[in-house]
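User: I've got a model open and I'd like to talk through a few of its local features. Can you take my questions one at a time?

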Amino acid sequence: MTFRILKHSLLLAVVLVLTACATRVPEPNLGLYKKELKTWYASGDYLTAVAQAQASAPRQIRSTGPQPTLVLDIDETSLSNWEYLNEQEFALNQTTFEKWSAKNNPPAIPATLKLFREARKAGVEVVFISGRRESMRAMTIRQLQAAGYEGWSRLVLRPESDNDPSVIPYKSSARKHLIKEGRTVVLNMGDQESDLAGGAAIHRIKLPNPFYFIP
Ligand SMILES: [Mg+2]
């Protein structure tokens with residue numbers, strides 16, 4: 001009898017250990033992580049990190065080739081939507097973002113605006129390729145102007161009909177289209193890996209963005 005109880009207890013212990021292993025609690029804690037991001041942003045380190053990531057850009061835009069073109073993403077690359085992200089507790093979604101953008105002008109990311117102006121001065125054309133939808137065209141043009149981006153060549157926005165779960169096919173084919181036109185994409189800069197995947201650029205720069213993920 002004692003042996004049977006011991007056998008069952010042992011079996012129960014094994015089951016409990018296995019269950020504990022299978023139910024590991026993910027780290028970090030979401031509430032604490034949001035707090036950390038807010039502290040990081042407030043310290044000024046976010047904009048410093050973004051500037052540091054593009055330290056090589058002024059040299060890279062001087063790559064030679066016919067019709068040199070700088071490709072820039074917009075959100076968290078050219079413009080900072082921090083105010084919206086903070087208000088929304090990082091819950092980015094198309095409906096609230098469009099509503100917010102209709103009424104607000106997010107500021108330029110200073111390092112990117114500086115690079116933009118250097119590119120224009122050096123005769124490099126700038127094309128924005130953004131994951132924003134066509135429905136946001138008018139407000140996006142208004143925001144770019146308000147932030148100081150003047151003299152860009154083209155604004156490519158994602159067609160309403162494109163429902164691919166990833167922006168990679170849309171963004172990479174937009175760059176390939178520029179190359180087909182005879183342009184040289186000297187640098188492609190974005191804050192998401194999906195901004196850069198698929199190549200079609202001499203240089204590429206990934207800016208830090210720990211706030212959200214775009215597949
Ligand atoms: Mg972006």
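User: Before that, how long is helix H2, end to end?

Analyst: Quick housekeeping: this is a predicted model, so local features need pLDDT of at least 70 and side-chain atom pairs count only at pLDDT 80 or more, while totals for chains, interfaces and linings use all residues. Residues are numbered from 1 along each chain as its sequence is written, and side-chain values use heavy atoms, with hydrogens and water left out. Helix H2 covers residues 30-42, 13 residues in all; helices (H or I, at least four residues) and strands (E, at least two) are DSSP runs, numbered from the N terminus. The expected span, 1.5 Å times one less than the number of residues, is 18 Å, and from first C-alpha to last H2 reaches close to that, at 18 Å.

User: Which residue's side chain contacts the backbone at the start of H2?

Analyst: Look for a polar contact (a pair of N or O atoms within 3.5 Å; within protein, one must be able to donate a hydrogen and the other to accept it, and residues adjacent in sequence count only if both atoms are side-chain atoms). The backbone nitrogen of Gly31 has a side-chain oxygen within 2.9 Å, and that oxygen belongs to Asn29.

User: What backbone oxygen does the side chain of Ser43 reach?

Analyst: Ser43 sits in the loop between H2 and helix H3 (45-53). A polar atom of its side chain lies 3.1 Å from the backbone nitrogen of Asp45. The backbone oxygen that the Ser43 side chain reaches, at 2.6 Å, is that of Trp40.

User: Which residues coordinate the magnesium ion?

Analyst: Donors here are N, O and S atoms within 2.8 Å of the metal (3.2 Å for Na, K and Ca); water is not among the atoms, so sites may look incomplete. Along the chain the donors follow the spacing D-x1-D-x115-D. Asp73 is in the loop between strand E1 (68-72) and helix H5 (82-87), and Asp191 in the loop between strand E4 (184-190) and helix H10 (193-196), so this pair ties together parts 118 residues apart in sequence. At 2.0 to 2.2 Å, the coordinating residues are Asp73 (OD), Asp75 (O) and Asp191 (OD).

User: Is Asp191 buried or exposed?

Analyst: Buried means under 20% relative accessible area, exposed over 50%, and partly exposed in between (1.4 Å probe, protein chains only). Asp73 has 6%, which puts it in the buried class. Asp191 has a relative accessible area of 2%, so the class is buried.
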